[in-house]
Amino acid sequence: MSETLTHVGSGKVRELYALDDERLLLVASDRISTFDVVLPTPIPDKGRVLTGLSAFWFARTAGIVPNHVLDLREDGRSLECRRLRMLAVEVVVRGYLAGSGWKDYRETGAVCGHALPSGLRESERLPEPIVTPATKATTGHDVNIDEAEAARLCGEECYVAARDAALALYRHAEEHAARCGILVADTKFEFGLDATGAVVLADEALTPDSSRFWPAEGYEPGAPQPSFDKQFARDWCEASGWDKTAPGPELPADVVTGTRARYVEAFELLTEIDFADYVADPRVVLA
């Protein structure tokens, strides 16, 4: 009997299908978004990289916090998952000063309510990782909020559990990535609640879409860093003269090739698995 799928939603990258009352299928496409606009040009294999890396991390961090994954499918881009009641915020962990955090720091000396030492430079490692929650915008940009507002939106107990899990996940990933030659500058996590009310890791984990991955070799604070994520495509869009409103521009072939290469390199460095081997047998990331 063929499987019955009911399409229940589309994100910037993923398609969501209902399998039954307890299970969902999360399918990662090759779409790429910059400045919250989905571009018309896909990045080949991007969805497989996101799914494979997420499955890799989910398998290795289940002892830190439970996650929603039930199975990784043979196409390498689909995860069968438990249904959860999702928390209203994304939990962003920052270990380095970059992106909107750097912008806020220059203006106020703080990031989402976290006062930081004076004199820090762009891309500098923070004394300790900090958590900077953000609301999940259905359109437009996510909005950074402080932890008090996040606790109000989620409930104090749920937010504290999610925050503590996010910090533990970040520290685990940072240590692993450092051995692989990658600095995890920042990353975002999403959590939901299961039927018992326990906090569960969901969506994706520590991918080039949800993280800033920098090569450790040559790292020097004081300027933006080269990266293994969508920053390459974002930089091209920034320089193209596009006004950052839909529709987005078509990416040239060299930007597509360069972006794919960065995603695949991040996958191979972090998993220590040849990407071609993953395409042939996705379950190698679970071993």
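**Briefing: an open sheet and its helix neighbours**

An open sheet is built from five strands in the order 1-2-3-7-6, with antiparallel pairing. Keep in mind as you look around that this is a predicted model. Two topics are worth a tour here: the sheet itself, and helix 1, which lies across strand 2, strand 3, strand 6 and strand 7.

**The sheet**

- The edges are taken by strand 1 (6–10) and strand 6 (69–72); each has a single partner strand, so one side of each is left without a neighbour in the sheet.
- On average, neighbouring strands are turned by 25 degrees against each other, direction ignored.
- Strand 6 is joined to strand 7 (residues 78–82) by three bridges, and the two run antiparallel.
- Within this part of the sheet, leucine 72 has leucine 79 of strand 7 standing opposite.

**Helix 1 on the sheet**

- Helix 1 runs at about 45 degrees to strand 7, and also lies across strand 2 (14–18), strand 3 (23–28) and strand 6.

**Helix 1 with helix 6**

- Helix 1 (residues 46–61) and helix 6 (residues 253–271) have axes that come within 10 Å and cross at roughly 20 degrees.
- Because angles under 35 degrees count as roughly parallel, helix 1 is roughly parallel to helix 6.
- Their crossing is left-handed.
- From helix 1, Lys46, Val49, Leu50, Gly52, Leu53, Phe56 and Trp57 make the contact, meeting Tyr263, Val264, Phe267, Leu270 and Thr271 of helix 6.
- By residue type, this contact of helix 1 with helix 6 has nine nonpolar, two polar and one charged.

Conventions. Residues numbered from 1 in each chain as written. Predicted model: local features only at pLDDT ≥ 70, side-chain atom pairs only at ≥ 80, totals over all residues. Heavy atoms only, no water. Axes fitted to C-alpha atoms, helices over the stretch in contact; angles between N-to-C directions. Helix = DSSP H or I, 4+ residues; strand = E, 2+ residues; numbered from the N terminus. Parallel < 35°, antiparallel > 145°, perpendicular 65-115°, else oblique. Left-handed = near helix turned anticlockwise from the far one by under 90°. Contact = heavy atoms within 4.5 Å. Nonpolar A, V, L, I, M, F, W, Y, C, P; charged D, E, K, R; others polar. Pairing = 2+ DSSP bridges.
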